[in-house]
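Q: Could you take a close look at one part of this predicted model for me? I'd like the strand pairing and the salt bridges walked through in one go.

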Amino acid sequence: MLRVLLTNDDGIEAEGLQTLRRALAAIDDIELAVVAPDENQSATARSISIRRPLWVQEVSFGDGTVGYAADGTPVDCVRLAALGLIDGFEPDLIVAGINHGANLGDDITYSGTVAAALEGVMLGIPAIAVSQLSERGELDHRLGRTFVFDHAAGFIARVVDRLDDVPLPEGTLLNVNVPPGEPSMVEVTRLGKRVYQDRLDLIDEESGRRLYRVYGDVPLHDDDPGTDLAAVSAGHIAVTPLHFNLTAEYGMEPLRDYDLAQLLEADDVDPFT
């Protein structure tokens, strides 16, 4: 029996999560648990609630099953489940999504969906993050509002069903992005590069304070072959393996060669004078 934890960052009532929940529940030999935020927590990344306790409420899905809604972040939800929120349930796999909108390229660092899967990796639990582009194909989540999740849910359900056969190295998660319509193929990709066009716009000013809009036009990207951005632009499902090792190995030797220890005793600069 495979114990699967389903979570997201759009909130427990989000249609993406509910579509995937139904697809996963139809698989034989899995035990499915849902722990998700009680409201939208998009772009919260790996934030956690360390300054207050968390409220958790049982939620009925209307089909005889229940989930648990927490007033915290996606990472909080994974932690709650891993620490024993549900009696007798310890997850073997974490599935985060289906996110309403893409999580591609640099944007994964902001994503609560990817963060929930990454928390699984941190806990030694295999994980999958899955996101769906809008029917308009917009790469900016702020624009598309209409989503069809059936193809994404079906694909992820089949991945989970055959998890023993899918190569998933230890310490690695799969970040899956699904284009609109019926995907023509699946590509294993690397992360692409988003080019942001943000600007600082003054919107209002009153009582000595100012209201600014920071985030501007739709990000650009190049269709560099082999990237997740190019794959979804071509109508393909992009599957990108990710891990948490952020160490820049190539930068270690130059720093060692510089001998940073000499700065412990340098007498030409005194920061306290």
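A: Start at the hairpin of strand 3 and strand 4: five residues sit between the strands, and Gly62 takes a positive phi near 80 degrees. The two strands of that hairpin, with strand 3 covering residues 56-60, run antiparallel and are joined by five bridges. One pairing to click on is Val59, whose bridge partner in strand 4 is Gly67.

Strand 4 (residues 66-70) also pairs with strand 2 (residues 30-37), this time parallel, through three bridges. Over there, Ala36 has Ala69 as its bridge partner in strand 4.

Now for the charged side chains just past that strand. Asp71 makes a salt bridge with Arg52, with the closest N and O atoms 3.1 Å apart. Asp71 is in the loop between strand 4 and helix 2 (74-82), while Arg52 is in the loop between strand 2 and strand 3, so this contact ties together parts that are 19 residues apart in sequence. As for exposure, Asp71 counts as buried because its relative accessibility is 18%, under the 20% cut-off. Arg52 is partly exposed, at a relative accessible area of 40%.

Zooming out, the whole structure has 12 salt bridges. Another of them pairs Arg22 with Glu15, at 2.8 Å from N to O. Arg22 counts as partly exposed at 43% relative accessibility, and Glu15 is partly exposed too, with a relative accessible area of 39%.

Definitions and conventions: Residues are numbered from 1 along each chain as its sequence is written. This is a predicted model: local features need pLDDT of at least 70, side-chain atom pairs count only at pLDDT 80 or more; totals for chains, interfaces and linings use all residues. Side-chain values use heavy atoms; hydrogens and water are left out. Two strands pair if DSSP finds at least two bridges between them. Helices (H or I, at least four residues) and strands (E, at least two) are DSSP runs, numbered from the N terminus. A salt bridge is a side-chain nitrogen of Lys or Arg within 4 Å of a carboxyl oxygen of Asp or Glu. Buried means under 20% relative accessible area, exposed over 50%, partly exposed in between (1.4 Å probe, protein chains only).
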